[in-house]
2 protein chains.
Amino acid sequence: MDHLDGKLLDMLQVDGRMSYASLGKEIGLSVTAVKERIDKLQRSGVLKNFSIEVDAALVGYSVLAFVFIAIDRPEYCEEFENQILEVPEVQECHHVTGGFNYLVKVMANDMTHLEQLLLSRIKIPHIVSRSETTIVFSSSKNSSFVKCARNGSRDD
Amino acid sequence: MDHLDGKLLDMLQVDGRMSYASLGKEIGLSVTAVKERIDKLQRSGVLKNFSIEVDAALVGYSVLAFVFIAIDRPEYCEEFENQILEVPEVQECHHVTGGFNYLVKVMANDMTHLEQLLLSRIKIPHIVSRSETTIVFSSSKNSSFVKCARNGSRDD
DNA sequence: AGTGAAAGATGTCCGAA
DNA sequence: TTCGGACATCTTTCACT
């Protein structure tokens, strides 16, 4: 992965529909060379997939929350992760340092929905011993952009 | 936004390169009808943009952290948000409930880089009074998928 | 790794219902 | 909103450097 690959990844994150021709024009490569690089980035797993970004609020998820979870015993961790994988409203589940074991990011339609999710699917009896929920008022930044091109050469 | 729009959004989140023809085959609409719906979803802002997902670890971001931030005085919040917007390693910045004001998600190349980011760009003097950093060991789930289609009708 | 050219697939625009 | 058809553009493959 060199600097040109980084630029390709940055450009495609901004517009995943850019053609090989216009990508190539930006970095000075032919259509075929660009395609070959992108294919290779996909095969290596760096480019996980082509996608779209959806405005969660506009499709009805007006509540966002972060929930810290403490697990009763370490051997229950795998079971917890498996259960959480099944919950579509949970976008992220991180094993973390500190007084809790997991940090979970949850989307919900409203407070009632969040309450129901926490009670019925997240604070799993006999597995989760303690939890602490933080509600998001608003997000001044909420992207998934990963800067790939190193700075130092102009990218205009 | 009806059920078919929801299905389109779900399918495009999984594969943003699906052709109008194959999208149409799945939901029983013509190429033109699919294009018209997708254009409309973009205009309304529900579909924010076409993009790709990049594996952060594979491009060198091996450290992920969540940082709680307490702001000294409420009138410094805007300045904090503006400063944070400029930091590419900060993916998310949420105004939250609880003992802190903000929760920030940060990517870094390594621990040294994280330390440097915290000291030089996040724990801003005279604005940030207190912070608490949680390091991520591993993530069993880290997606940005937003389920848009309501359940009840089969989607095979 | 890179190139250009040809062929097939796809996006886009149109008039009509 | 939806459709099908016509045309422009893009993707993909190939032979070659």
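This is a short tour of the contact between two chains and of the pockets in the model. Keep in mind that what you have open is a predicted model.

**Stop 1: the two chains together**

Colour chain A and chain B differently and look at where they meet. Here 61 residues of chain A are in contact with 61 residues of chain B. The size of an interface is often given as the accessible area lost when the parts come together. For chain A and chain B, that comes to about 5,800 Å², with 54% of it on carbon and sulfur atoms. Now select A:Arg17, A:Ile52 and A:Lys141: this trio supplies 13% of the area that chain A buries against chain B, more than any other three residues.

**Stop 2: links across the interface**

How many salt bridges are there across the interface of chain A and chain B? The rule finds two. To see a salt bridge, show the side chains of B:Glu92 and A:Lys105, which meet at 3.0 Å, N to O. Polar contacts are worth a look as well: 45 residue pairs make them between chain A and chain B, counting pairs with both residues at pLDDT 80 or more.

Next, hide chain B and light up the side of chain A that touches it. Several elements each supply at least two residues there, among them helix H1 (3–14), helix H3 (31–44) and strand S1 (47–54). Which element gives the largest share? Go to S5(A), which provides nine residues. Colour this side of chain A by class and you get 32 nonpolar, 18 polar and 11 charged residues.

**Stop 3: the largest pocket**

Bring chain B back and switch to looking for gaps. Rolling a probe the size of a water molecule over the atoms shows where empty space is left. The largest pocket has a volume of about 1,100 Å³. To land in the right spot, select A:Glu92, A:Lys105, A:Ser144, B:Glu92 and B:Lys105, the closest to its centre of the 50 lining residues. Then highlight strand S5 (residues 128–142) of chain A, which gives the most to this lining, with seven residues. The lining of the largest pocket is made up of 22 nonpolar, 17 polar and 11 charged residues.

**Stop 4: the second largest pocket**

This one holds about 280 Å³ of space. Select A:Phe68, A:Glu132, B:Phe68, B:Phe100 and B:Glu132, which lie nearest the centre of the second largest pocket, out of 16 lining residues. Which elements give two or more residues to this lining? They are S5 of chain A and strand S5 (128–142) of chain B. Sorted by class, the lining of the second largest pocket has four nonpolar, 10 polar and two charged residues.

Technical notes: Residues are numbered from 1 along each chain as its sequence is written. Chains are lettered from A and ligands numbered from 1 in the order in which they are written. This is a predicted model: local features need pLDDT of at least 70, side-chain atom pairs count only at pLDDT 80 or more; totals for chains, interfaces and linings use all residues. Side-chain values use heavy atoms; hydrogens and water are left out. On a 1 Å grid over the protein atoms alone, a cavity is a set of points where a 1.4 Å probe fits but cannot get out, and a pocket is an open set with protein on both sides within 12 Å along at least five of seven lines; lining residues have an atom within 4 Å of a point. Grid points are joined across faces, edges and corners, and a volume is the space filled by probe spheres set on the points. Helices (H or I, at least four residues) and strands (E, at least two) are DSSP runs, numbered from the N terminus. Ala, Val, Leu, Ile, Met, Phe, Trp, Tyr, Cys and Pro count as nonpolar, Asp, Glu, Lys and Arg as charged, and the others, Gly among them, as polar. Contact means heavy atoms within 4.5 Å. Buried area is the accessible area (1.4 Å probe) that two parts lose on being put together, summed over both. A salt bridge is a side-chain nitrogen of Lys or Arg within 4 Å of a carboxyl oxygen of Asp or Glu. A polar contact is a pair of N or O atoms within 3.5 Å; within protein, one must be able to donate a hydrogen and the other to accept it, and residues adjacent in sequence count only if both atoms are side-chain atoms.
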